[in-house]
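Open the model in your viewer and keep the sequence panel beside it. The stops below say what to select and what is found there.

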Amino acid sequence: MSKYTKEFKREAVRLLESKESTGTDLARELGVKREMLYRWQEELQAKGPNAFPGSGRPSKSKDDVASLKRELAENW
């Protein structure tokens, strides 16, 4: 089972591609390895809507994404 939900990964890739912060900074803020962000980006580009088929961690996903959005809004 994946530790991160599909929604979390998609939002992380969207933030990475927005160039609002570096991959290193974003990875630090999300608590993931930088290489993982780029792996997610590659998978999303290669597989599109079929990327990230696992169920992830649904109990916290919406809270994680909302918290990330708030934190980035405060810092920018």
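**Start at helix H3**

Select H3 and check its length: with 14 residues at 1.5 Å a residue, H3 should span 20 Å, and its end C-alpha atoms are indeed 20 Å apart, which agrees. This is a predicted model, and H3, covering residues 34–47, has the highest mean pLDDT among the elements of the chain, at 94.

Next, show the side chains of Leu 37, Trp 40, Gln 41 and Leu 44, the buried residues of H3. Looking down the axis of H3, you will find these buried residues within an arc of 100°, so they line one face of the helix. An α-helix has 3.6 residues a turn, so residues three or four places apart point the same way. Turn to the other side of H3 to find Arg 39, Glu 42 and Ala 46, which are exposed. Then add H1 and H2 to the selection; both are included in what covers the buried residues of H3. Just after H3, stop at Gly 48, where phi is positive, at about 55°.

**Helix H2**

Select residues 23–30, which form H2, and pick out its buried residues: Gly 23, Leu 26, Ala 27 and Leu 30. Their arc around the axis is only 100°, which puts them on the same side of H2. Just after H2 comes Gly 31, with a positive phi of about 75°.

**Helix H1 and Glu 11**

Move to H1. Its 13 residues should span 18 Å at 1.5 Å a residue, and the distance of 18 Å between its end C-alpha atoms agrees. The buried residues in H1 are Phe 8, Lys 9, Glu 11, Ala 12, Val 13, Leu 15 and Leu 16.

Centre the view on Glu 11, which lies in H1 (residues 6–18). Is Glu 11 buried or exposed? Its relative accessible area is 10%, under the 20% cut-off, so Glu 11 counts as buried. The side chain of Glu 11 makes a polar contact of 2.7 Å with that of Arg 14. Beyond its neighbours within four places in sequence, Glu 11 is in contact with Val 65 and Lys 69.

**Two loop residues with positive phi**

Most residues other than glycine have a negative phi. Select Lys 19 in the loop between H1 and H2. Lys 19 is not a glycine, yet its phi is positive, at about 60°. Its relative accessibility of 69% means that Lys 19 counts as exposed.

Now go to Phe 52, in the loop between H3 and H4. Phe 52 is not a glycine either, and its phi is also positive, at about 60°. What is the relative accessible area of Phe 52? The value is 2%, so Phe 52 is buried.

**Helix H4 and the whole chain**

Colour the model by pLDDT and select H4, residues 61–75, which has the lowest mean among the elements of the chain, at 71. The chain averages 83, and 84% of its residues score at least 70.

Finish by showing the full chain, which has 4 helices and 0 strands. Of its 76 residues, 36% are buried. Among contacts with a separation of 6 or more, 65% join residues 24 or more positions apart. The accessible surface comes to about 5,100 Å², with 49% belonging to carbon and sulfur atoms.

How values were computed:
Residues numbered from 1 in each chain as written. Predicted model: local features only at pLDDT ≥ 70, side-chain atom pairs only at ≥ 80, totals over all residues. Heavy atoms only, no water. Buried < 20%, exposed > 50% of the residue type's maximum accessible area, 1.4 Å probe, protein only. Arc of directions from axis to C-beta. pLDDT = per-residue confidence, 0-100. Polar contact = N/O pair within 3.5 Å; in protein donor to acceptor, adjacent residues only side chain to side chain. Contact = heavy atoms within 4.5 Å. Areas by Shrake-Rupley, 256 points an atom, 1.4 Å probe, with all protein chains shown as cover. Expected span 1.5 Å × (residues − 1).
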